Amino acid sequence: MYDFLLTPEERALRDEVRRFAREEVSSDFLRKMDRDEIVYPREFVEKLAARHLRGIRFPKEYGGRGMSWVAEVAAFEEIGCLGIALGCAFAMPSIVGEALHRFGTEEQKRKYLKPYLEGKLVAAEALTEPRGGSDFFGATTRAVLEGDHFVVNGQKRFVVGADGSDFYVVYCRTNFQPDAHKYNRISLLIIDKGPGVETEHLYGLMGCRGAGTGRLVFRDVKVPRENLLGELHGGALCFHQMMIPERLTSAAGCLGTWGALDLAVRYSNRRTAFGKPIRKFQAVNFMVADSITQLDAARGLAYLAARSVDENAPNCRRLVSEAKRFATEAAWNIVNNAMQIMGGIGYTDVYPLERAMRDQRLALIWTGTSEIMNLLVQHEYYQEVLEETYDRRKMEKDAMNPDERERCFTDEDMWKVHESEAGT
Ligand SMILES: Cc1cc2nc3c(=O)[nH]c(=O)nc-3n(C[C@H](O)[C@H](O)[C@H](O)COP(=O)(O)OP(=O)(O)OC[C@H]3O[C@@H](n4cnc5c(N)ncnc54)[C@H](O)[C@@H]3O)c2cc1C
């Protein structure tokens, strides 16, 4: 729809993914996932891999396509229509792959990243603990270094792909010094599925079904030291890096709610009430106006964030957090409006809207809640304004000739006026 945003190569990828989503994923398969009759959608993963659609951002030598973040967002607009569970299966190589590609040794890339992108292995990421997800740095899963291996004990909950994965990237506490800074406590380990690694299923889920979500329990798991990703106690760096794909893919997946909106638009054109199509009622068509405006605004932010990451812009982290919050909230509103427009039939399983609604509620919570996104956005923006922009204005003023300088106030000058008026 917005082809001018994309290069010919990115457009071709988007069209390819659209065909894939339409032709390779049946509604019967999605319904089986809804009923939890599928433990993990490995078949979907293998189909993606057969078309080189896993981790399309990563270099070709590891099985990717060497494309841009913008391309990945464009692909997500199509995959997002399939629901959050398949969206997550599509996103995970981008997230786990980021850690392996950025922080992995060449040997780790050959052993894990390449077969992962080729669909021979499946992986999951384990951050959240029963103790809490938002307070990530309080992680209590312990990895004690004993000679050439770690011994891991602890639990991670809500891990998508706990069932179905061959290996996990797991954040563990490795520094037990009581005064250790929170950024110097945690390490990231690759843990193979094997002895001592168990999956438990304690709850049913409202949405995101059929994606193997469960609790991982580690009991005296021996992990070779060479499975450390990045530096010992350097997990904070990996975490901050992984949050970019984690949140950008969350935002991008939400753009798939164009499917729900288009469905409601077509329905409102055919459904009649009081002798006319319901689209003629302003109460209905204004919901459409509101939804498409929110969707386009979400698109704008998601592509802006994607481009900023491609360009390694200094404010890319803030843009990614903004996009995550805005797109997930917009998607929730879009699906809610679509259901309202469709009336009772929208609430049944005749249409995929009820799945979209169950799924989209999760998007507001996972990969960092809306509240945590706000926390990050304000923090980053305060830093930008107080440290960087102020300095830039001051530098501009210093560079001016004296006449111009007379007419130009800095924040500091204005604050002095304020102080003298306030008598402080
Ligand atoms: C279906 C599903 C799949 C998931 N998949 C994965 C996965 O694959 N891997 C993984 O590691 N995790 C996964 N998660 C976990 C998810 O990321 C966390 O649930 C999420 O980060 C929130 O953590 P929490 O549930 O512990 O809530 P809490 O951290 O306990 O937060 C509860 C509430 O308090 C608010 N809050 C907390 N701290 C603050 C603060 N400082 N300021 C303002 N408000 C605050 C939160 O916004 C929230 O509203 C998944 C969760 C679900 C439900």
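# Cavities, a pocket and a ligand

Visitor: How do the residues of the lining of the largest cavity divide into nonpolar, polar and charged?
Guide: The lining of the largest cavity includes four charged residues and one polar residue. This is a predicted model, by the way. Among the residues that line this cavity are Leu30, Met33, Ile84 and Ala85, along with Asp34, Arg209, Arg355 and Asp359. So the split, with Gly counted as polar, comes to seven nonpolar, one polar and four charged.

Visitor: Which elements give two or more residues to the lining of the largest cavity?
Guide: The full lining includes Leu30, Met33 and Asp34, and also Ile84, Ala85 and Leu86, plus Arg355 and Asp359. The elements that supply at least two residues each are helix 2, helix 5 (84-103) and helix 11.

Visitor: What volume does the largest cavity have?
Guide: Rolling a probe the size of a water molecule over the atoms shows where empty space is left. With a cut-off of 30 Å³ or more, the model has two cavities. The largest of them has a volume of about 60 Å³.

Visitor: And how much space lies in the second largest cavity?
Guide: Its lining is made of Leu53, Arg54, Gly55, Ile56, Glu72, Phe76, Phe90 and Ser94. Helix 4 and helix 5 each give two or more of those residues. The lining splits into four nonpolar, two polar and two charged residues. The space in there is about 40 Å³.

Visitor: Let's try the pockets. Of the residues that line the second largest pocket, which are the closest to its centre?
Guide: That pocket has a volume of about 800 Å³. Helix 1 (8-24), helix 2 (27-34), helix 8 (258-270) and helix 11 (353-363) each give two or more residues to its lining. The lining has 14 nonpolar, eight polar and twelve charged residues. Of the 34 lining residues, the ones closest to the centre are Cys81, Leu82, Gly259, Pro352 and Arg355.

Visitor: Now the ligand: which residues that surround it are the closest?
Guide: In this model, 18 residues surround the ligand. One of the contacts comes from Thr369, where a polar side-chain atom lies 2.7 Å from a ligand oxygen atom. A backbone N or O atom of Leu127 also lies 2.7 Å from an oxygen atom of the ligand. The closest residues are Gly133, Ser134, Phe158, Thr369 and Glu371.

Visitor: How many Å from an oxygen atom of the ligand does a polar side-chain atom of Ser134 lie?
Guide: Ser134 is among the residues closest to the ligand. A polar contact needs N or O atoms within 3.5 Å. For the polar side-chain atom of Ser134, the distance to a ligand oxygen is 2.6 Å.

Visitor: How many disulfides does the count come to?
Guide: A disulfide is a covalent bond between the sulfur atoms of two cysteines. The cut-off is 2.5 Å between the sulfurs. The closest cysteine sulfur to that of Cys238 belongs to Cys172 and is 12 Å away, so that pair is too far for a bond. For Cys316, the nearest cysteine sulfur, in Cys238, is 17 Å away, and the count comes to zero.

Visitor: Is Cys316 buried or exposed?
Guide: Buried means a relative accessible area under 20%. Cys316 has a value of 7%. So Cys316 is buried.

Visitor: How far apart in space are Tyr62 and Lys114, C-alpha to C-alpha?
Guide: Tyr62 sits in the loop between helix 3 (42-50) and helix 4 (69-79). Tyr62 is buried, with a relative accessible area of 4%. In sequence, Tyr62 and Lys114 are 52 residues apart, but in space their C-alpha atoms are separated by 4.6 Å.

Key: Residues numbered from 1 in each chain as written. Predicted model: local features only at pLDDT ≥ 70, side-chain atom pairs only at ≥ 80, totals over all residues. Heavy atoms only, no water. 1 Å grid on protein atoms, 1.4 Å probe; cavity = no way out; pocket = protein on both sides within 12 Å on 5 of 7 lines; lining within 4 Å. Points joined across faces, edges and corners; volume = space filled by probe spheres on them. Helix = DSSP H or I, 4+ residues; strand = E, 2+ residues; numbered from the N terminus. Buried < 20%, exposed > 50% of the residue type's maximum accessible area, 1.4 Å probe, protein only. Near = heavy atom within 4 Å. Polar contact = N/O pair within 3.5 Å; in protein donor to acceptor, adjacent residues only side chain to side chain.
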